[in-house]
Amino acid sequence: MELKHPCGVLANMDSSRGQNGIQLLLAAEQEAQQIVTAARNAKLARLKQAKEEAEREIADFRAQMEADYQRKLTETSGDSGANVKRLEKETNEKIEHLQKEAERISTDVVEMLLKHITSVKY
């Protein structure tokens, strides 16, 4: 049975156009889904690449820091003998200075002590 549209077009032509429109929408949806999936995969690949680059940079930085630490450790341990000698020299100089000062003021200290011990206060 054919129904005439008020414009004179058959009604079944409208239904075939509707089917074509649905097919076009489904195809567009599939294409959009493929674009989204491709974008998601590209993003994941970029994130993975960025993570690998960051891990390499961290490893390089860690190796550099370790090398600097080992170099400084070697430098300071090599200097420890020089530091010990320097500290011994400074200590001996201070001891000599204190001994000279003690000799210089010892008579004054002895006199002061005798004065306080022998003086009687009432």
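## A salt bridge between Arg71 and Asp68

Let's start with a pair of charged side chains. Those of Arg71 and Asp68 meet in a salt bridge, with 3.8 Å from N to O. This is a predicted model, so keep in mind that the distance is computed from it. How far apart are Arg71 and Asp68 in helix α1? They sit 3 residues apart, which is about one turn of the helix.

Is Arg71 hidden away, then? Not really: Arg71 counts as partly exposed, because its relative accessibility is 41%, and that label covers values between 20% and 50%.

## Two more bridges along the helix

How many salt bridges does the structure hold? There are 3, so we have two left to meet.

Next up is the pair Glu90 and Arg86, whose side chains meet in a salt bridge at 3.1 Å, N to O. These two are 4 residues apart in helix α1, so about one helical turn separates them. Glu90 is partly exposed, with a relative accessible area of 33%, and Arg86 is partly exposed too, at 42%.

The remaining pair is Glu101 and Arg104. Their side chains form a salt bridge of 2.7 Å, again taken from N to O. Glu101 and Arg104 are 3 residues apart in helix α1, so here too the separation is about one helical turn. Are Glu101 and Arg104 exposed or partly exposed? Glu101 is partly exposed, with a relative accessible area of 30%. Arg104, on the other hand, is exposed at 53%, because the cut-off for that label is over 50%.

## A nonpolar patch on the surface

Now for some side chains of another kind. Which residues form a nonpolar patch on the surface? They are Ile105, Val109, Met112, Leu113 and Ile117. Together they have about 450 Å² of accessible area.

Take Ile117 from that group. You'll find Ile117 in helix α1, which runs over residues 11-118. Ile117 is exposed, because its relative accessible area is 66% and exposed means over 50%.

## The chain as a whole

Zoom out and the protein chain is easy to describe: it has 1 helix and 0 strands. That helix is α1, the stretch of residues 11-118, and it holds Arg71 and Asp68, Glu90 and Arg86, and Glu101 and Arg104.

What share of the 122 residues counts as buried? The figure is 0%. The protein chain exposes about 11,500 Å², and carbon and sulfur atoms supply 59% of that area.

Definitions and conventions
Residues numbered from 1 in each chain as written. Predicted model: local features only at pLDDT ≥ 70, side-chain atom pairs only at ≥ 80, totals over all residues. Heavy atoms only, no water. Buried < 20%, exposed > 50% of the residue type's maximum accessible area, 1.4 Å probe, protein only. Areas by Shrake-Rupley, 256 points an atom, 1.4 Å probe, with all protein chains shown as cover. Patch = residues over 30% accessible without salt bridge, like charges linked within 9 Å, V, L, I, M, F, W, Y side chains within 5 Å. Salt bridge = Lys/Arg side-chain N within 4 Å of Asp/Glu carboxyl O.
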